[in-house]
Amino acid sequence: MKVDVQLDGRPEDAASRARELVALGADGLFTFEGAHDVFVPLVAASGAVEADLMTNVAIALPRSPMHLAHTANDLQTLSRGRFRLGLGSQIRPHIERRYGAQWSKPAARMRETVLAIKAIFAAWEGRAPLRFQGEFTTHTLMPPTFDPGPNPYGPPEICLGALGPLMTRAAAEVADGLLVMPFNSARHFRERTLPAIEEGLEIGGRSRSDLAIYPQVIVGTGRTPEELDAAARGVRRLLAFYGSTPAYRPVLEVEGWADVQPELNVLSKRGDVAAMTELIDATMMTTLAVHGTPEQCAAEIVARFGDHADRVCCYFPGYPVLNDHVAELISALKAPR
């Protein structure tokens, strides 16, 4: 199993941190659209390491498919064919109030965004004129001045982050890869995600080999009681943040914890992070995330996703994970079985 690790921190530190993570055994690095631009750190990393690089995710709805295509094409060249464009939709308050963009039919819009970018790539590769006309976006003009021509490494893979059935079906229908959202459980993945994948593949006339599946896992790891306690606090805080959002209620629902979501939502509006964190008990934490020694975490990840995952993306949220533990987790995930 290949392992991708989050490349976080400030852009000016990206190259040195990328070298550090690759030395620990990471096969790939991904960025999160948080306090800094999601693409800039990967530009720095592309010249520093030979690892695979991915946005995880770039928020697509406020961006033009043309902007995304140009940036992805350039990063594919800079990384010498090792870039994947991971896209996500975000939720309505962020799209409308943070990005100042339009929100409607997110699954349909994301599906169309993937198809539009693929149409742009096909035009640049010389396979077809640019004549994409969709419900939400139209691209029919590509003068030579703006055409970069064929990418020497081929177009980059396009992945789509998804949790609910509509977005998961859209990803399976049109994307090259599915980024399984990290707020998840083995039961939700088995009972909700996998059937939606099969439905999307059937709609698109595709087979399982046409879609890469990349589970994302929230990892709380350490060896001493103090390290494990700090990791648990960081993981529980992130789970509480995710759980406060109505979009994530289906995961809690399938586990019998649907009533926790509105409680978390009310507390989030008050800014009571401590109370939110307390609502995530140990059972919830180890169901929605993994927690334990690096070897224990690796075993749980393999048990949940090993039969389906092409590679796994690991997060270490809100606590000071040691490099040795990251290396040990990666080594355990890659160990023969």
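Are F183 and Y242 buried or exposed? Both turn out to be buried, and they make a handy way into this structure, which is a predicted model. The rings of F183 and Y242 form one aromatic pair, with 5.9 Å from centre to centre and 50° between the planes, a tilted arrangement. F183 sits in the loop between β9 and α7, while Y242 belongs to helix α8 (residues 225-243), so the pair links parts of the chain that lie 59 residues apart. A second pair looks rather unlike a tilted one: the rings of F189 and F305 have centres 5.0 Å apart and planes at 85°, so this pair counts as edge-to-face. Because F189 lies in helix α7 and F305 in helix α13 (residues 294-305), this pair ties together parts that are 116 residues apart in sequence. F189 and F305 are both buried too.

These are two of the seven aromatic pairs in the structure. Some of the rings join up further, with F183, F241, Y242 and Y248 linked into a cluster by ring pairs. Y214 has a ring with a charged neighbour: the charged end of R84 sits over it, 5.0 Å from the ring centre.

Y214 leads on to strand β10, where it is one of the residues pointing the way that A212, Q216, I218 and G220 also point. From β10, I213, P215, V217, V219 and T221 point the other way. In a regular strand, side chains alternate between the two faces of the sheet. Whichever way they point, these residues are buried, and for the strand as a whole (residues 212-221) the tally is ten out of ten.

What does β10 pair with? Strand β9 (residues 177-180) is one partner, parallel to β10 and joined over four bridges, with V180 standing opposite P215. Strand β12 (residues 311-315) also runs parallel to β10, with three bridges between them; here V217 faces C314. Strand β11 (residues 290-292) is parallel to β10 as well, again through three bridges, and T221 has G292 as its bridge partner there.

C314 and V219 come up again in the nonpolar interior. The largest nonpolar core has 83 residues, and L87, V219, I301 and C314 touch the most other members. Helix α5 (residues 106-124) gives the most to this core, namely eight residues. Leaving aside residues up to four places away in sequence, C314 touches V3, D4, V5, Q6, F30, V217, V219, I301, L329 and L333. There is also a second, separate core of 22 residues, and F183 and Y242 are among its members, along with M276 and M284. In soluble globular proteins, nonpolar side chains tend to be buried together.

The last stop is helix α10 (residues 260-270), in which V260, Q261, L264, N265 and L267 are buried. An α-helix has 3.6 residues a turn, so residues three or four places apart point the same way. The cover over the buried residues of α10 includes α8, α9 (249-254), α11 (273-279) and α12 (282-288). Just after α10 comes G271, which takes a positive phi of about 75°.

Terms used:
Residues numbered from 1 in each chain as written. Predicted model: local features only at pLDDT ≥ 70, side-chain atom pairs only at ≥ 80, totals over all residues. Heavy atoms only, no water. Buried < 20%, exposed > 50% of the residue type's maximum accessible area, 1.4 Å probe, protein only. Helix = DSSP H or I, 4+ residues; strand = E, 2+ residues; numbered from the N terminus. Pairing = 2+ DSSP bridges. Phe/Tyr/Trp six-rings, centres within 6.5 Å; stacked < 30°, edge-to-face > 60°. Lys NZ or Arg CZ within 6 Å of the ring centre and 35° of its normal. Core = buried A, V, L, I, M, F, W, Y, C linked by side-chain atoms within 4.5 Å. Contact = heavy atoms within 4.5 Å.
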